[in-house]
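Please work through the exercises below with the sequence and the coordinates open beside you. Each task is followed by a solution that goes step by step.

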Amino acid sequence: MFDTRIRAADHEAKRRAHAAVQGDDGVAANDQDSVKNPLAALDAFLARASFDASDPAALGGILRQMVDARLDRLPLPGSGQTLARWRALAAVAARDLGLVKLFEGHTDALAILAELGAVAVPAGSRWGVWAAEAPDARVLATPLADGELRLAGTKAWCSGAAAVTHALVTAWVGDAPVLAALALDQPSVSIDTHHWHAVGMQATASGDVTFDGTRAVQLGIPHGYVRRPGFWQGGAGIAACWYGAAAGLASMMAEAVAARPDAHRLAHMGAVEVALAGAAAVLHETAAQIDAHPAEDMQSATLRARLVVEAAAAAVVEHAGRALGAAPLCRNERFARAMADLPVFLRQSHAERDLAALAERSLGQRRDHGDPWLL
Ligand SMILES: Cc1cc2nc3c(=O)[nH]c(=O)nc-3n(C[C@H](O)[C@H](O)[C@H](O)COP(=O)(O)OP(=O)(O)OC[C@H]3O[C@@H](n4cnc5c(N)ncnc54)[C@H](O)[C@@H]3O)c2cc1C
């Protein structure tokens with residue numbers, strides 16, 4: 001258990017926490033080879049990595065290798081290198097969407113732990129962030145005198161539950177939502193994947209996890225998880241994953257079009273180019289905005305980026321399918337998997353609800369600051 005070493009803490013502890021998350025041997029993240037040029041190290045690893053992408057245990061094994069190789073030490077959101085962080089997420093997504101679901105969750109957890117002031121992340125630990133609030137799956141937290149929490153209840157949508165060692169979980173102390181950090185190697189934790197019938201994103205094995213008096217540590221104050229700037233910064237990181245997956249599909253499509261260009265295939269590829277160029281431009285701009293204003297609320301910028309990338313990724317799926325036909329969907333394992341995974345992963349967008357939320361915020365900005373659409 002790590003409980004005596006993870007603490008919700010003051011500013012100084014937060015500073016130390018940042019160092020701890022960056023490297024628990026006291027070496028700053030930027031001194032790590034893998035962080036000096038994180039993308040090159042990651043690309044080299046991904047090019048070498050060979051695994052069965054349909055096997056949840058194999059995905060867990062690759063995540064462990066990535067953690068051991070310190071490829072998880074990405075620049076934190078808002079650190080001035082947000083785009084570098086997103087490029088890393090996109091590179092993993094282009095390789096495999098199941099893998100990026102685990103990798104994004106783990107790296108998001110490291111960012112949350114740094115932001116909320118936890119110290120000393122155990123070496124080699126691999127984390128999930130399980131924050132979905134499904135209707136029948138609510139986790140209750142009881143604070144104890146020693147400052148620990150006891151968790152009871154079931155959490156749904158726990159990606160990589162059997163592959164990670166620790167988790168950040170949203171829970172409720174009465175009406176107050178809190179974020180709890182816990183080690184999963186407790187007898188009071190049980191994992192159930194028998195409701196998981198996903199075809200796309202199947203290997204994430206995003207099951208239900210039940211807690212029965214599980215020891216945990218509260219991070220930050222009630223409501224702190226969603227009210228911190230990193231909440232929306234992390235949400236934009238998901239869009240980088242979608243982008244990477246779409247760009248990966250587009251690259252496979254481009255190879256096929258280059259081998260046999262015809263007017264229709266070229267037109268589909270042109271449409272893909274347009275979609276991805278727009279999405280990439282918005283991601284660049286959003287990353288720069290986050291780096292320029294790391295403590296500000298980025299909800300509008302993040303909603304916009306997610307929705308632009310979602311639309312682009314959906315366009316890539318449509319055009320790639322129409323351009324190449326059934327053959328690669330049935331005979332090219334990687335293409336077929338990406339085409340099955342991406343539409344499911346995109347459903348982490350809240351679709352029209354997010355569009356409506358963006359419009360409401362846009363109306364407010366228009367009222368307060370005038371026309372936001374002038375060039
Ligand atoms: C492949 C994949 C992996 C995911 N991994 C994670 C993860 O690791 N961590 C995490 O926090 N979230 C994860 N999620 C969940 C995701 O973040 C959303 O919470 C989920 O997609 C539901 O969001 P929503 O806004 O569509 O639905 P909601 O607004 O929550 O609900 C929409 C409708 O679906 C119903 N519904 C929602 N969840 C359930 C459920 N479990 N059982 C029955 N009905 C339900 C609701 O009652 C409602 O009618 C994952 C989702 C996917 C698709």
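The exercises that follow concern a predicted model, and they go from the chain as a whole to its strands, two of its helices and the ligand shell.

**Exercise 1. Describe the chain as a whole: how many helices and strands does it have, and what share of its residues counts as buried?**

Begin with the secondary structure, which comes to 13 helices and 7 strands. Next take burial, for which 45% of the 375 residues count as buried. Finally turn to the contacts with a separation of 6 or more, of which 77% are between residues 24 or more positions apart.

**Exercise 2. Determine which strands are joined to S7 by bridges, and in which direction they run.**

Start with strand S3 (residues 148-158), which is joined by 9 bridges to strand S7 (residues 207-219) and runs antiparallel to it; in this pairing Leu151 stands opposite Thr214. Go on to strand S5 (residues 176-183), which is antiparallel to S7 as well and is joined to it by 3 bridges, with Ala180 opposite Gln218. Then add strand S6 (residues 189-192), which has 4 bridges to S7, again antiparallel, and places Ser190 opposite Thr210.

**Exercise 3. Compare the span of helix H5 with the expected value, and establish what covers its buried residues.**

First, helix H5 (residues 82-95) has 14 residues, and because a rise of 1.5 Å a residue is expected, it should span 20 Å, which agrees with the 20 Å between its end C-alpha atoms. Second, 12 of the 14 residues of H5 are buried, where buried requires 20 or more other C-beta atoms within 10 Å of the residue's own; among them are Thr82, Arg85, Trp86, Arg87 and Arg95. Third, the elements that cover these buried residues include helix H3 (38-48), H6, H8 and helix H9 (263-292).

**Exercise 4. Carry out the span and burial checks for helix H8.**

Helix H8 (residues 230-259) has 30 residues and reaches 44 Å from its first C-alpha to its last, close to the 44 Å expected at 1.5 Å a residue. As for burial, H8 is mostly covered, with 21 of its 30 residues buried.

**Exercise 5. Characterise the residues that surround the ligand, by number, class and origin.**

Count the shell to begin with: 21 residues surround the ligand, and the closest are Ala132, Ala134, Ala156, Ser159 and Met201. Sorted by class, the shell has 12 nonpolar, 7 polar and 2 charged residues. Traced to secondary structure, at least two residues of the shell come from each of helix H6 (97-116), strand S1 (127-130), S3 and helix H12 (333-345). Traced to domains, at least three residues come from each of domain 2 (129-225) and domain 3 (229-369).

Notes
Residues are numbered from 1 along each chain as its sequence is written. This is a predicted model: local features need pLDDT of at least 70, side-chain atom pairs count only at pLDDT 80 or more; totals for chains, interfaces and linings use all residues. Two strands pair if DSSP finds at least two bridges between them. The expected span of a helix is 1.5 Å times one less than its number of residues. Two residues are in contact if their C-beta atoms, placed from the backbone, lie within 7 Å. A residue is near a molecule or strand if its C-beta atom, placed from the backbone, lies within 6 Å of it. Ala, Val, Leu, Ile, Met, Phe, Trp, Tyr, Cys and Pro count as nonpolar, Asp, Glu, Lys and Arg as charged, and the others, Gly among them, as polar. Domain bounds come from an automatic or database domain assignment.
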